[in-house]
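Please examine the sequence and the structure below before attempting the exercises. Each task is followed by a worked solution.

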Amino acid sequence: MNLPYPFYFLHLGLVDVADVLLVTVLLYQLYKLLRGSVALNVALGGLSVYLVYLLVSVLGLGLLSSILGEFMDVGVLAGIILFQQEIRRFLVNVGKVALEGGGPLGWWRRESSSDARLPLAPFVEAAKTLATQETGALICFARASDLSAYAESGDLLDAEVSKRLLLAIFQKTSPLHDGAVIIAQGRLRAARCILPVSQNPEVPAALGLRHRAALGLTEATDAIVLVVSEETGQVSLVRQGEIYRNLTPTEVKSRLGEWLHPSGLAATAT
């Protein structure tokens, strides 16, 4: 099929249309896998370098084209190293869909963890009690980013969320209290999880390891983290590398409702 002017020189067939559609699907799934994480910025940076390489090649800039060409030659290997966790997660997702019998369209319809409606009252009430007892806590709420790699570093539970369960986990005599709890798809997925510690030199020295771990996770993903300080009993929320300290239970509930359930459905904040 010949296209009209000014694209009359292009020849488009059914195979070409199918090719474009498949690439579009692949890019969309890749975006869903990377969105909300630092890896997306890295991918966009790599794509920008590749586009610049194509441009300088067309313009005939020999020296710059040669320099960028050296980077392109090792691009696949560098991509495997940089995105090894994302590639692993991609293959795990494909395998899950195959085992569940969903077929190719099953993966397309899979929703992100942020779509699950989560009651906030158990977290607010548990944080209030833990703050009164000056018992430390670290609760991570998954959104678009997949936190399964961090969940696998702890003990998998896959339990229904309740105030009593949270209090039991973070009691100082509990074998699960040392680490973070991860909440995903409306359930308590894992406890005693290890989080990446922020290396930001501007983090105040007064903040301990628990707060730095919360900052580190939110710098690498779009997760939201609730922190109860063991030293002061203050309750904080961390989002996108920013910490909101000394919040009241009402403020905690309001901010969590705004960030986790932007649609504002009343049922989600109960």
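The exercises concern a predicted model and treat its sheet and its aromatic pairs.

**Exercise 1.** State in what order the strands of the open sheet are arranged, and identify the edge strands.

*Solution.* Step 1: the seven strands follow the order β2-β4-β3-β1-β5-β6-β7, with mixed pairing. Step 2: an edge strand pairs on one side only, and this applies to β2 (155-160) and β7 (242-244). Step 3: on average, neighbouring strands of the sheet are turned by 20 degrees against each other, direction ignored.

**Exercise 2.** Determine which strands of the sheet helix α11 touches.

*Solution.* Helix α11 (residues 249-260) packs on the sheet and touches β1 (137-141), β5 (224-228), β6 (235-239) and β7. The direction of the helix makes about 20 degrees with that of β6.

**Exercise 3.** Classify the geometry of the pair F123 and F141, and locate both residues.

*Solution.* Step 1: the ring centres lie 4.9 Å apart, and the planes stand at 75 degrees. Step 2: planes over 60 degrees apart count as edge-to-face, so this pair is edge-to-face. Step 3: F123 belongs to helix α7 (residues 121-133) and F141 to strand β1, 18 residues apart. Both residues are buried.

**Exercise 4.** Characterise the aromatic pair of Y244 and W259, and decide whether each residue is buried or partly exposed.

*Solution.* Step 1: the pair is tilted, with 5.4 Å from centre to centre and 50 degrees between the planes. Step 2: Y244 lies in strand β7 and W259 in helix α11, so the pair ties together parts 15 residues apart in sequence. Step 3: buried means under 20% relative accessible area. Y244, at 23% relative accessibility, therefore counts as partly exposed, whereas W259, at 5%, is buried.

Methods:
Residues are numbered from 1 along each chain as its sequence is written. This is a predicted model: local features need pLDDT of at least 70, side-chain atom pairs count only at pLDDT 80 or more; totals for chains, interfaces and linings use all residues. Side-chain values use heavy atoms; hydrogens and water are left out. Two strands pair if DSSP finds at least two bridges between them. Helices (H or I, at least four residues) and strands (E, at least two) are DSSP runs, numbered from the N terminus. Axes are lines fitted to C-alpha atoms, for helices over the stretch in contact, and angles run from 0 to 180 degrees between N-to-C directions. Contact means heavy atoms within 4.5 Å. Rings of Phe, Tyr and Trp (its six-membered ring) pair if their centres lie within 6.5 Å; planes under 30 degrees apart count as stacked, over 60 as edge-to-face and the rest as tilted. Buried means under 20% relative accessible area, exposed over 50%, partly exposed in between (1.4 Å probe, protein chains only).
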